[in-house]
Amino acid sequence: MDNVAKLKIDGKTCSLPIVVGSEGERGIDISTLRQATGCITLDEGYGNTGACRSDITFIDGEKGILRYRGIPIEALAEKSSFIETAFLLIYGHLPNHKELRRFSDLLTQNEMLHEDLKFHFEGFPAHAHPMAILSAMINATSCFVPGVLDAYDPEAFESQAARLLAKVRTIAAFAYRKSRGLPIMYPKPVFKYTANFLHMMFSEPYQEYDLKPEVVRALDLIFLLHADHEQNCSTATVRMIASSQANIFACAAGGVCALWGPLHGGANQAVIEMLESIHREGDDGSKFIAAAKDKKSGKRLMGFGHRVYKNYDPRAKIIKAQCDKVLESLNISDPLLDIAKRLEEAALRDSYFIERKLYPNVDFYSGIIMRAIGIPLEMFTVIFAIGRMPGWIANYKEVMDAPHGRISRPRQIYTGHTERPYQPMSERGQE
Ligand code: ACO
């Protein structure tokens, strides 16, 4: 196979090296293109652009493969926990006993928020979206971290990463309690990561939340399955911010904002809203499928389709099986699950979805599990953000550890006015 691509522009031939990844993926290195030819590449939406080399996560979207640091997601879902997987993503290997103990202890030591931070929650109106609160509070947390504005230091990284990972769930739970006018529940060091989050969400001062193992496991699995997904919109945002050498909290706060949109992390909320509206209207799903195929309707089958997967999202398979298990163990029958299954069956038989390779993604069933365990709709994307934190932290670390990191700065093809004079107010007309 050639290891050089040749590009002919204006009669001149330019040679561009081909970079090969460890799984055989090939990319044309265009870093000398502009200098050699005066041209840049244009790839709106970045469908064909590799923004970095990364050792963290591998996806083969055609085959439906997802691996964290080489380990298949199916094996991690079966055998690992969110915190062990977080360590794997951030530090590149599965922790031994001692490493896992140390990591867990660091998380426990950092689970509390500075008492003064509690007052920041008071400034938000009751109806504030928890993603707005999460992003603002992650940024505010940095103000309480000594040395956070110093130059990146690999030793300080360990404690800053642990603070971020530990505190994000405390902030998330506090945001929820605040939005419901409920008293804040402090974390309890005896609980592990996910159990502690459920405790802070649902315990009351007068009554401890009953931590059912199957519920803790289901939520832990949701966190684990969301823990990284290579260069998606929010992770690319985190890397972009990190390239300016901003601190880890600023990068994560930016990641939360990017995740918020309905085409990204907001899709899990949008899926439930879609299923509820189908249920309300008494549609068996067929009307909605027809609307989703009609571009003029402005509707999409939420939870379907993915920029990278052109096959069944491997996380969706795991979540779907978990969804059946949780509903059965909690003895819940949810009409939205029946609608979701009918929609999936219909879409997978429909030529519109088959031709475009649109399959269920991770969000299609995760919302039904969250509903079953009592997580309110507006918190769904927050759950995704907690889960994605290890991936953002790992990507932040990779950017900061790179020996010759440059600030990320894309170019553009300008399509606006060419030069024109400044027009005085008196000549601009009356309207
Ligand atoms: N329903 C109906 N049609 C769809 C859907 C859908 N969910 N997704 C894509 N299409 C159609 C598009 O209209 C387009 O059709 P056309 O070729 O006739 O114009 C074609 O499929 C390709 O779609 P794009 O928008 O070009 O695909 P892209 O890769 O840009 O978008 C995305 C991927 C944003 C995920 C899209 O599939 C979508 O909007 N899905 C619904 C929202 C969703 O579930 N998001 C969660 C993504 S996963 C995550 O972030 C965790």
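**Exercise 1. Describe the surroundings of Arg169 in this predicted model, beginning with its contacts beyond the local sequence.**

Solution. Leaving aside neighbours within four places in sequence, Arg169 is in contact with Leu107, Glu111, Lys192, Tyr193, Asn196, Phe197, Met200 and Ile386; the coordinates behind this list belong to a predicted model.

The next step is to place the residue in the secondary structure, where Arg169 falls within helix H7, which covers residues 154-179.

For polar partners, the side chain of Arg169 reaches the backbone oxygen of Ala166, and the separation is 3.0 Å.

Finally, is Arg169 buried or exposed? Its relative accessible area is 2%, and buried means under 20%, so Arg169 is buried.

**Exercise 2. Work out which residues surround the ligand and which polar atoms lie beside its oxygen atoms.**

Solution. Start with the shell, which holds 20 residues around the ligand, and among these Arg300, Leu301, Gly303, Arg307 and Tyr352 come nearest.

Sorting that shell by class gives 10 nonpolar residues, five polar residues and five charged residues.

Then turn to the individual atom pairs. Arg307 places a polar side-chain atom 2.8 Å from an oxygen atom of the ligand, while for Arg356 a polar side-chain atom lies 3.0 Å from a ligand oxygen atom. In the case of Gly303 the backbone takes part, with an N or O atom 2.9 Å from an oxygen atom of the ligand.

To close, consider the covered surface: the ligand taken alone exposes 920 Å², and the protein buries 76% of that area.

**Exercise 3. Decide whether the radius of gyration of the protein agrees with that of a compact globule, and then characterise the fold as a whole.**

Solution. For 431 residues, a compact globule would have a radius of gyration near 22 Å, and because the protein has 24 Å, the two values agree.

The extent of the C-alpha trace can be set beside this, since along the principal axes of the protein the trace spans about 75 × 65 × 55 Å.

As to secondary structure, the protein contains 18 helices and six strands.

What share of the 431 residues is buried? Buried residues make up 48% of them, and the protein exposes about 22700 Å², of which carbon and sulfur atoms supply 52%.

The last step concerns contacts in the protein with a separation of 6 or more, of which 71% are accounted for by residues 24 or more positions apart.

Conventions. Residues are numbered from 1 along each chain as its sequence is written. This is a predicted model: local features need pLDDT of at least 70, side-chain atom pairs count only at pLDDT 80 or more; totals for chains, interfaces and linings use all residues. Side-chain values use heavy atoms; hydrogens and water are left out. A residue is near a molecule or strand if one of its heavy atoms lies within 4 Å of it. A polar contact is a pair of N or O atoms within 3.5 Å; within protein, one must be able to donate a hydrogen and the other to accept it, and residues adjacent in sequence count only if both atoms are side-chain atoms. Accessible areas come from the Shrake-Rupley method with a 1.4 Å probe; for residues, only the protein chains shown count as cover. Ala, Val, Leu, Ile, Met, Phe, Trp, Tyr, Cys and Pro count as nonpolar, Asp, Glu, Lys and Arg as charged, and the others, Gly among them, as polar. Helices (H or I, at least four residues) and strands (E, at least two) are DSSP runs, numbered from the N terminus. The radius of gyration is taken over C-alpha atoms; the globule rule is 2.2 Å times the number of residues to the power 0.38. Buried means under 20% relative accessible area, exposed over 50%, partly exposed in between (1.4 Å probe, protein chains only). Contact means heavy atoms within 4.5 Å.
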